[in-house]
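Some notes follow for whoever picks up this entry next. They are set out as numbered points and can be read alongside the model.

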Amino acid sequence: MDNATSKTQIKAVRAYEKRNPGKAYYMKQKASANAFTRMTTPKATEAIAAVGIDQYREDLQALRDAINEKLNEM
């Protein structure tokens, strides 16, 4: 069986996103934040090396601070 996403499944996802734009946007933003914190793929490792581990650490700390600030506002 092919691992490619079927055209039917893609169509269903697009339809869901159209019916639920707020939820779709929220899920994409959450996925982006999670992906940034779990950068372990070879491409991600290369990107971290390009900016430097210290910069990545600073960016993670800034993200953590922003999350803590948001939680304190709630």
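1. The largest pocket has a volume of about 280 Å³. The model is a predicted one, and the volume is a computed value for that model. Two elements, α2 (21-37) and α4, each give two or more residues to the lining of this pocket.

2. The lining of the largest pocket is made up of Y26, Q29, K30, A33, N34, T37, L63 and I67. Helix α2 gives the most to this lining, with six residues. By character, the lining residues divide into four nonpolar, three polar and one charged.

3. I67 should be looked at twice. I67 is one of the residues that line the largest pocket, and I67 also belongs to a nonpolar surface patch, together with L71 and M74. The three patch residues together have about 360 Å² of accessible area.

4. Within that patch, L71 is placed in helix α4, which covers residues 53-73. Is L71 buried or exposed? L71 counts as exposed, because its relative accessibility is 52% and the cut-off for exposed is over 50%.

5. How many salt bridges does a search of the whole structure find? The search finds two. They are taken in turn in the next points.

6. One salt bridge joins the side chains of K28 and E17, at 3.7 Å from N to O. K28 is in helix α2 and E17 is in helix α1 (residues 7-19), so this pair ties together parts that are eleven residues apart in sequence. As for cover, K28 is partly exposed, with a relative accessible area of 48%. E17 counts as partly exposed too, at 24% relative accessibility; the cut-off for buried is under 20%.

7. The other salt bridge is formed by E73 with K70, and the closest N and O atoms are 3.7 Å apart. Here both residues lie in helix α4, three residues apart, which is about one turn of the helix. E73 counts as exposed at 55% relative accessibility, whereas K70 is partly exposed, with a relative accessible area of 48%.

8. Helix α4 therefore comes up under several headings, because L71, exposed at 52% relative accessibility, is placed in α4. The salt bridge between E73 and K70 lies in α4 as well, and α4 is among the elements that give two or more residues to the pocket lining.

9. Some C-alpha separations may help in getting oriented. A44, in helix α3 (residues 42-51), is buried, with a relative accessible area of 10%. The C-alpha atoms of A44 and E69 are separated by 27 Å, and the two residues are 25 residues apart along the chain.

10. Q9 lies in helix α1 and is partly exposed, with a relative accessible area of 47%. Between the C-alpha atoms of Q9 and T40 the separation is 28 Å, for residues 31 apart along the chain.

11. E17, the salt-bridge partner of K28, is found in helix α1. What is the C-alpha to C-alpha distance between E17 and T5? They are 16 Å apart in space and twelve residues apart in sequence.

Technical notes
Residues are numbered from 1 along each chain as its sequence is written. This is a predicted model: local features need pLDDT of at least 70, side-chain atom pairs count only at pLDDT 80 or more; totals for chains, interfaces and linings use all residues. Side-chain values use heavy atoms; hydrogens and water are left out. Patches are made of residues with over 30% relative accessible area and no salt bridge: like charges are joined within 9 Å, nonpolar side chains (Val, Leu, Ile, Met, Phe, Trp, Tyr) within 5 Å. Accessible areas come from the Shrake-Rupley method with a 1.4 Å probe; for residues, only the protein chains shown count as cover. A salt bridge is a side-chain nitrogen of Lys or Arg within 4 Å of a carboxyl oxygen of Asp or Glu. Helices (H or I, at least four residues) and strands (E, at least two) are DSSP runs, numbered from the N terminus. Buried means under 20% relative accessible area, exposed over 50%, partly exposed in between (1.4 Å probe, protein chains only). On a 1 Å grid over the protein atoms alone, a cavity is a set of points where a 1.4 Å probe fits but cannot get out, and a pocket is an open set with protein on both sides within 12 Å along at least five of seven lines; lining residues have an atom within 4 Å of a point. Grid points are joined across faces, edges and corners, and a volume is the space filled by probe spheres set on the points. Ala, Val, Leu, Ile, Met, Phe, Trp, Tyr, Cys and Pro count as nonpolar, Asp, Glu, Lys and Arg as charged, and the others, Gly among them, as polar.
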